[in-house]
Amino acid sequence: MSFATDSPATNPPATEVPATDAPDAEVPVAAANIGPEATAADARALAEASRELGWDRPSFAKGLYLGNFDLGLIHPWPKAKADDVERGEAFMERLTAYARTMSGRVIEREARIPDEYLQGLAGLGVFGMKIPQEYGGLGLSLVYYGRALALLGSVHPSIGALISAHQSIGVPEPVKVFGTPDQKREYLPRCAAGAITAFLLTEPDVGSDPARMGSTAVPTDDGGSYVLDGVKLWTTNGVIAELVVVMAVVPAHTDADGTGRRGGISAFVVEMDSPASPWRTATRLWGCVGSKTASPASTRSGCPRPTGWAARARA
Ligand SMILES: Cc1cc2nc3c(=O)[nH]c(=O)nc-3n(C[C@H](O)[C@H](O)[C@H](O)COP(=O)(O)OP(=O)(O)OC[C@H]3O[C@@H](n4cnc5c(N)ncnc54)[C@H](O)[C@@H]3O)c2cc1C
């Protein structure tokens, strides 16, 4: 999850507005320079800022590029824990049996995944495959997550798209990795139980280059909320999601208690039954007709302040 904050050129003196949400090493792009006017240099700086900051483990792939790889890093293949394998295999057995009851032809004909399929998958824990067991998920390894997606994709690609968008980029993964304990307790059990989620980064003029992001999240005067405003595009599950992650630019600002915030791109968990959800236009995707991808989606909403979390991720 990338986020950017003030460049040294526009930073106010630290004594005037103490910045608390990111160290100096992570502030290559001023929030004011993110948006439709961002330059190629700003876009590169933002991309560089999202890279790994330190390498505490050796990289096999990096060695490949340098012509000096260490085979010992990937061989012999690590053995999974017996308990993980047992749970994973038992799950795959249940999922395989259920997959045989679903029909890709029905999805093609109806151009949607029937509700009973989604309920069946939720009952098997598919929406929480990677969510830890303490939050109601199955806590499976990536091996079983990948095997399950391959199996579901063989029924129909739309099922794989729905489940992977929900669990790889939707609410569960970023909240699991960056969320506060409260956010984990609030959202992860819901997601594991079958609440469909989505991720909104792309905009009509923003894809590989988030530095040009036009969506904004402006704190309200009372400091209790952010107002999200922008247009999003290509949101897998956007038409049916109950919860979404919205990426938006927070301007540099000062909190009511005088704390200076550098601003930057942050991520917000938004309830889709809130006023934030006027987007409900489905795009028909060739080869993936059951995937409910929203396009374009405009949003303007009040978002409770505690749901903004990405800016704190590395603090
Ligand atoms: C089926 C589908 C589902 C999607 N689901 C989601 C979703 O759930 N949420 C979401 O936020 N987005 C989603 N997207 C959007 C997707 O993430 C973007 O399409 C993607 O980020 C690329 O952006 P773009 O389409 O604007 O292409 P561009 O960024 O304009 O890129 C166009 C081409 O230029 C190349 N290119 C771009 N920059 C460079 C560079 N600096 N150097 C060299 N080559 C470059 C790219 O590789 C590409 O070939 C989805 C897209 C599709 C097709």
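Two strands count as paired when DSSP finds at least two bridges between them. In this predicted model, that rule is met by strand β2 (residues 216–219) and strand β3 (residues 225–232), which are joined by four bridges and run antiparallel. Within the pair, Ala217 sits opposite Leu228 of β3. The two strands make up a hairpin, with five residues between them. The turn holds Gly223, whose phi is positive at about 75 degrees. As for the faces of β2, Ala217 and Pro219 make up the covered one, while Thr216 and Val218 make up the uncovered one.

Stepping back to the whole chain, there are nine helices and eleven strands. The chain runs to 315 residues, and 37% of them count as buried. Long-range links are well represented: of the contacts between residues at least 6 apart in sequence, 70% join residues at least 24 apart.

Strand β1 (residues 197–200) tells another story about faces. In a regular strand, side chains alternate between the two faces of the sheet. In β1, Thr197 and Phe199 point one way and Ala198 and Leu200 point the other way, yet all are buried. The partner here is strand β5 (residues 243–250), joined to β1 by four bridges and running parallel to it. Thr197 stands opposite Leu243 of β5.

Phe199 gives a closer look at β1, the strand in which it lies. This residue counts as buried because 24 other C-beta atoms lie within 10 Å, where the cut-off is 20 or more. Phe199 and Leu243 are 44 residues apart in sequence, but their C-alpha atoms are 9.0 Å apart in space. Setting aside neighbours within four places in sequence, Phe199 is in contact with Ala165, Ile169, Gly170, Val244 and Val245.

β1 also matters for the ligand's surroundings, in the plain sense that it gives the most to the shell, with three residues. There are 14 residues around the ligand, and the ones that come nearest are Leu201, Thr202, Gly207, Ser208 and Trp234. The elements that supply two or more residues to this shell are β1 and β4 (235–236). By character, the shell splits into seven nonpolar residues, six polar ones and one charged one.

Among the helices, α6 (residues 142–155) is worth a look. Its 14 residues reach 20 Å from the first C-alpha to the last, close to the 20 Å expected at 1.5 Å a residue. The buried residues of α6 are Tyr144, Ala148, Leu152 and Val155. These cover an arc of only 70 degrees around the axis, so they end up on the same side of α6. The general pattern behind such an arrangement is that an α-helix has 3.6 residues a turn, so residues three or four places apart point the same way. On the other side of α6, Leu142, Val143, Ala150 and Ser154 are exposed. The cover over the buried residues of α6 includes α3 (82–99), α4 (104–110) and α7 (157–169).

A few backbone details turn up in the loops. The peptide bond from His75 to Pro76 is cis, with omega near 0 degrees. Pro76 is placed in the loop between α2 (60–66) and α3. Ala111, although not a glycine, has a positive phi of about 55 degrees, and it is found in the loop between α4 and α5 (115–123). With 14 other C-beta atoms within 10 Å, Ala111 is partly exposed. Asn237 is a further residue other than glycine with a positive phi, near 75 degrees. Asn237 lies in the loop between β4 and β5, and it counts as buried because it has 23 C-beta neighbours inside 10 Å.

Finally, helix α2 contains Gly63. This glycine is partly exposed, with 14 other C-beta atoms within 10 Å. Leaving out neighbours within four places in sequence, Gly63 is in contact with Asn68, Phe69 and Asp70.

Technical notes:
Residues are numbered from 1 along each chain as its sequence is written. This is a predicted model: local features need pLDDT of at least 70, side-chain atom pairs count only at pLDDT 80 or more; totals for chains, interfaces and linings use all residues. A residue is buried if 20 or more other C-beta atoms lie within 10 Å of its own, exposed if 12 or fewer, and partly exposed in between; C-beta atoms are placed from the backbone. A residue is near a molecule or strand if its C-beta atom, placed from the backbone, lies within 6 Å of it. Ala, Val, Leu, Ile, Met, Phe, Trp, Tyr, Cys and Pro count as nonpolar, Asp, Glu, Lys and Arg as charged, and the others, Gly among them, as polar. Two residues are in contact if their C-beta atoms, placed from the backbone, lie within 7 Å. The expected span of a helix is 1.5 Å times one less than its number of residues. The arc is that of the directions from the helix axis to the C-beta atoms.
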